[in-house]
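Thanks for making the time this morning. I would like to walk through one structure with you, beginning at the ligand and then turning to how some of the helices pack.

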Amino acid sequence: MAKRDILSLYLSELEAAIVQMGEKKFRARQIFTWLHQRKVTDFSEMTDLSIQFRERLSEEFYICSPISVKTLASTLDDTVKYLYGLSDGARIETVLMSYHHGNSLCISTQVGCKMGCQFCASTIAGYVRDLTAGEMLGQIYASERNSGRTVGGLVLMGIGEPLDNYENVIRFLKILSAPEGRGMSLRHVSLSTCGLVPMIDCLAQEEFGLTLSVSLHATNDSRRSEIMPVNRKYPIDELMRACKRYCAKTGRRITFEYAVIDGVNADVRAADEMAALLKGFSCHVNLIPVNPVKERSFRTGRDTVYTFQKLLAARGINATVRRTLGSDIEAACGQLRREEAKIN
Ligand code: SAH
């Protein structure tokens with residue numbers, strides 16, 4: 001029988017499994033603490049359980065622990081990028097960023113991506129599979145072990161579309177915030193989506209209190225459909241209505257991500273359209289200088305972002321510009337995994 005992924009289990013499921021093994025229910029809590037607070041990678045480390053029980057656990061379960069295949073540390077800032085190998089050989093990326101208020105980790109939610117955004121490296125070689133909740137938790141625990149730092153904030157902005165792996169992402173968030181485990185407040189979590197409208201509505205029902213980031217990147221349907229195929233299914237108008245429903249239901253402000261691209265989405269017309277789209281909507285706009293991807297021609301000139309920021313300000317939109325971290329280590333989604341795939 002195949003071993004079960006123990007990191008992906010809710011405490012209640014672990015309790016049921018432990019009772020079925022003929023052990024006392026409270027043992028599940030001990031194991032949950034070892035897994036999610038002490039971040040052990042082997043059952044032999046669970047020293048308050050009998051050796052016999054530890055052996056039986058290792059026959060029934062495995063602890064997912066991504067192995068660092070490559071680590072790139074920025075010489076410009078404290079950003080560290082990990083290329084992790086999973087048990088089936090799949091590769092994903094995780095980026096640890098240092099801010100004055102603490103460390104934030106950018107995790108992947110899928111191996112590859114189906115969404116086809118033109119400027120993004122994650123999508124070039126297509127989609128391979130979804131990550132399990134345990135593989136998402138494993139990225140946090142492995143990065144903390146490898147760096148010796150504590151992760152205070154989390155962004156679901158690595159490889160993949162989190163709302164295209166909805167069930168596993170929800171499971172991950174519930175285990176992450178379980179008080180008997182890590183107990184992380186989901187207020188410190190941002191989830192970024194390219195705009196899967198029905199799943200935005202589902203997420204609103206969860207009452208997580210997390211920050212929803214929506215990758216907008218263009219202000220009219222013809223341009224957005226060109227660079228983000230998802231727009232053909234869920235056009236801007238539908239997306240904006242879902243965002244407004246999300247705000248009304250959760251009381252949380254949405255962040256719109258906007259990768260500023262020369263000659264594509266940073267002119268006066270785009271600023272006018274953005275002002276019309278966001279009129280009366282209490283939200284946050286974050287401008288991102290596009291990270292050049294070798295296979296693509298998209299670029300951001302040195303001044304384009306600030307010029308566009310001024311155009312927006314003149315129209316009443318106060319946008320922030322994202323600090324570029326790890327620009328010397330290919331820190332944009334999917335770039336490192338892509339490079340490795342090309343070499344092998
Ligand atoms: N699929 C999700 C999350 C992963 S991408 C989403 O689309 O939001 C995380 C963010 O990085 C998104 O805003 C995405 O559009 C942006 N991004 C992807 N490639 C980029 C690049 N080359 N330069 C700048 N931002 C990029």
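**Around the ligand**

Let me start with serine 192, which places a polar side-chain atom 2.6 Å from an oxygen atom of the ligand. Please keep in mind throughout that this is a predicted model. Right beside it in the numbering, threonine 193 also faces an oxygen atom of the ligand, but here the partner is a backbone N or O atom, and the distance is 3.4 Å. On a nitrogen atom of the ligand, we find a polar side-chain atom of glutamate 161, at 2.9 Å. If we widen the view, 17 residues surround the ligand, and those that come nearest are Glu161, Ser192, Ser215, His217 and Asn291.

Now to the helices. How do α4 and α5 cross? Helix α4, residues 133–147, and helix α5, residues 166–177, have axes that come within 8 Å and cross at roughly 50 degrees, so the two are oblique to each other, and the crossing is right-handed. On the α4 side the contact is made by Ala133, Met136, Leu137 and Ile140, which meet Asn168, Val169, Arg171, Phe172, Ile175 and Leu176 of α5. By character, these residues divide into eight nonpolar, one polar and one charged.

The other pair is α6, residues 197–205, with α9, residues 236–250, whose axes come within 9 Å and cross at roughly 0 degrees; α6 and α9 are therefore roughly parallel to each other. The residues of this contact divide into seven nonpolar, two polar and four charged.

Technical notes
Residues are numbered from 1 along each chain as its sequence is written. This is a predicted model: local features need pLDDT of at least 70, side-chain atom pairs count only at pLDDT 80 or more; totals for chains, interfaces and linings use all residues. Side-chain values use heavy atoms; hydrogens and water are left out. Axes are lines fitted to C-alpha atoms, for helices over the stretch in contact, and angles run from 0 to 180 degrees between N-to-C directions. Helices (H or I, at least four residues) and strands (E, at least two) are DSSP runs, numbered from the N terminus. Angles under 35 degrees count as roughly parallel, over 145 as roughly antiparallel, 65 to 115 as roughly perpendicular and the rest as oblique. A crossing is left-handed if the near helix is turned anticlockwise from the far one by less than a right angle, and right-handed if clockwise. Contact means heavy atoms within 4.5 Å. Ala, Val, Leu, Ile, Met, Phe, Trp, Tyr, Cys and Pro count as nonpolar, Asp, Glu, Lys and Arg as charged, and the others, Gly among them, as polar. A residue is near a molecule or strand if one of its heavy atoms lies within 4 Å of it. A polar contact is a pair of N or O atoms within 3.5 Å; within protein, one must be able to donate a hydrogen and the other to accept it, and residues adjacent in sequence count only if both atoms are side-chain atoms.
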